[in-house]
Amino acid sequence: VVILDGNLNVVADLEHTRPINAVSWSYDGKYVYALHVDMLLRIWDVRAKSIVVEKKIINSRAVGYLEPLPGDRIAVSYNEKKQEVRILNHQLEEVAARTFETAPVPLRLRYHFTGLLVAQTCKATKINFLNAKDLSDVYEFNCPDMIFAAAPEIIQPDPDGDRLMDLTVIMAGNVAQHLRLTVDKSHLPIKFPPMPVLETELTAEKYMAGENFELKTLALNPTVKEEEVVDEGPQEEVVQIVTRYRYLNAESDPPRNYFTYLPVGIVPNMEFNEICTNGKQFAFIGQGNPSQICFMNLDKPTRYPINGAPCIKDPHKSTVSYITYSPHNPNLLMSAGDDGKIRLWDVPDVLKQDITEPRISLQMPKRVGLTKFSDAVRNLVLATCLTPEIAIWDLNKEKQIRSFQKQCPSVVQDSTFNSLSNAVYSVFKDGTVSVFDPRSEDPVVATGQCHPGPRHRRILDLPDYNRFATFGVSKKGWREISIWDPANLSAPLKTVELDTQSSPLLPMYEEGSGVIYCGGKGDGNVPFVELCRDDRIIACQGSYDSAEPERGL
């Protein structure tokens with residue numbers, strides 16, 4: 001065990017002759033606890049570099065954890081067929097002990113200044129809150145998903161509020177959630193003990209010279225007086241003090257809000273999304289033939305009106321295939337349809353009547369598969385159709401300025417500008433992936449091969465990394481993601497398998513975080529991967545799991 005100062009210089013070396021399970025400072029910072037794999041617990045005086053006391057907890061090897069407690073106490077958690085927790089004093093005499101359920105790993109313990117121990121088993125579905133004095137049960141929180149880790153946050157509570165504790169919980173799929181424990185309002189205010197303030201000017205040199213750490217505390221006194229309960233009868237007034245720990249409850253944060261009874265089309269657009277948003281409202285492809293384009297404001301989650309709401313009436317004389325908002329003007333919506341038309345619509349923040357006339361209407365030879373705005377050039381649009389063809393349109397002139405047909409070896413499944421719009425990334429039905437400069441009338445096309453499976457492929461620009469990603473299916477039927485360098489399409493930088501679902505993916509990239517979300521139509525989960533700039537390319541992957549299938553993201 002090595003003690004380091006703030007500059008990572010060694011100030012003390014506590015030599016051991018056996019492997020260590022866990023180490024911990026004492027609550028007052030005067031001593032170091034060390035638990036060995038043979039379950040020998042030692043208390044070290046760091047400055048003297050000597051053992052104060054030692055004791056064998058059990059006579060066999062085990063995995064164990066330590067958690068310091070106030071009052072010169074230490075909690076030892078280990079696993080000997082069943083989960084065991086012991087509380088020992090500074091002489092290593094047993095103060096409290098308890099046996100829990102059979103599990104392959106011991107309980108992880110975290111102490112909170114309110115006097116509670118947060119006890120949690122990795123990959124279990126519950127968290128126990130124990131009294132740190134006698135290990136008795138105070139509350140049990142049950143979760144439908146597996147919990148990997150839970151720790152109380154160091155947050156100063158409001159002495160007049162009902163919040164007792166906040167926790168950060170890591171769930172299955174590497175999802176972090178916020179958990180809040182509150183006290184029933186009929187038993188307020190909460191009597192908090194003084195909260196420790198972990199601030200000190202004590203340096204490692206002063207500590208090793210003999211100066212001790214003085215724990216500062218902050219009084220949490222409520223401004224609301226606790227109501228007195230008076231017993232009826234001849235006795236004097238008695239203040240009834242009720243332990244509030246038994247009234248704890250836990251709620252997920254934040255609460256969920258739903259838009260319900262949306263008239264989503266019965267026949268889904270299997271290739272692309274049926275929903276898009278500009279941050280103020282969201283639009284979705286509605287039911288009917290021809291399809292309608294419906295809207296809901298994001299600030300008021302509610303049920304869709306029974307008698308309907310203003311929408312874009314008959315935007316195309318057939319099915320709507322694609323919708324998207326302009327990144328430069330949130331009140332412009334572009335739609336494409338099976339009738340081969342691309343239409344631009346003026347959409348106010350609040351619709352009060354149906355929209356029937358588009359601002360612009362453009363015509364392509366066959367069904368338009370997708371239309372996408374350029375992020376770099378205002379009113380520049382990329383569109384694809386079944387000719388096959390990739391076309392570039394200038395909305396200001398309402399004119400097609402580029403047409404790339406011979407650059408399309410088969411039907412275009414997905415295509416997009418890069419962030420500067422000086423390159424177009426495309427993926428085709430035969431598995432070809434291509435990159436070319438759309439500013440040239442006859443550009444040189446770099447090509448490669450991706451995802452040999454037969455299902456729909458998608459492509460996504462990754463502007464933070466100057467790369468792009470393709471999505472498809474392997475020969476074995478696994479949905480997969482490949483990361484590509486646009487300068488070299490001979491092979492992807494990395495390919496990662498996601499799952500064996502059959503639905504097409506709806507990938508989205510969150511700029512700044514390096515996270516790609518890969519939900520699919522009909523799936524109840526949203527896989528995601530995190531990118532990195534080193535040789536790993538993809539740092540990690542996980543999944544948000546739900547029982548509700550999605551139609552769009």
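This tour proceeds through selections in a predicted model, from the N-terminal surface to a nonpolar core and several salt bridges.

Begin with Val2, Leu4, Leu8 and Val10, which make a nonpolar surface patch of about 390 Å². Within this patch, Leu4 is found in strand β1 (residues 2–4) and is partly exposed, at 42% relative accessibility.

Next, select residues 13–54 and 313–347, which the unreviewed UniProt entry annotates as "repeat: WD". In the span 313–347, 51% is strand and 0% helix, and the end C-alpha atoms lie 13 Å apart.

Proceed to the largest nonpolar core, which has 30 residues. Ile342, Leu344, Met364, Leu382, Ile390, Trp393 and Leu395 touch the most other members. Among the elements that give two or more residues to this core are β24 (332–337), β25 (341–346) and β29 (389–394); the largest share, five residues, comes from β28. Because domain 2 (253–368) and domain 3 (404–552) both contribute residues, the core lies between them.

Now display the salt bridges, of which the whole structure has 17. Select Asp414 and Lys372, whose closest N and O atoms are 3.1 Å apart. This pair links strand β31 to strand β27 across 42 residues, and both Asp414 and Lys372 are buried.

Turn then to Lys126 and Glu101, a salt bridge with its closest N and O atoms 3.3 Å apart. Lys126 is partly exposed, at 23% relative accessibility, as is Glu101, at 41%. Add Glu140 to the selection: salt bridges that share partners join Glu101, Lys126 and Glu140 into one network.

Finish at Arg86 and Glu94, whose side chains meet in a salt bridge (3.6 Å, N to O).

Key: Residues are numbered from 1 along each chain as its sequence is written. This is a predicted model: local features need pLDDT of at least 70, side-chain atom pairs count only at pLDDT 80 or more; totals for chains, interfaces and linings use all residues. Side-chain values use heavy atoms; hydrogens and water are left out. UniProt positions are given in the numbering used here, feature names are shortened, and annotations may be inferred rather than shown by experiment. Helices (H or I, at least four residues) and strands (E, at least two) are DSSP runs, numbered from the N terminus. Patches are made of residues with over 30% relative accessible area and no salt bridge: like charges are joined within 9 Å, nonpolar side chains (Val, Leu, Ile, Met, Phe, Trp, Tyr) within 5 Å. Accessible areas come from the Shrake-Rupley method with a 1.4 Å probe; for residues, only the protein chains shown count as cover. A salt bridge is a side-chain nitrogen of Lys or Arg within 4 Å of a carboxyl oxygen of Asp or Glu. Buried means under 20% relative accessible area, exposed over 50%, partly exposed in between (1.4 Å probe, protein chains only). A nonpolar core is a set of buried Ala, Val, Leu, Ile, Met, Phe, Trp, Tyr and Cys residues joined through side-chain atoms within 4.5 Å. Domain bounds come from an automatic or database domain assignment.
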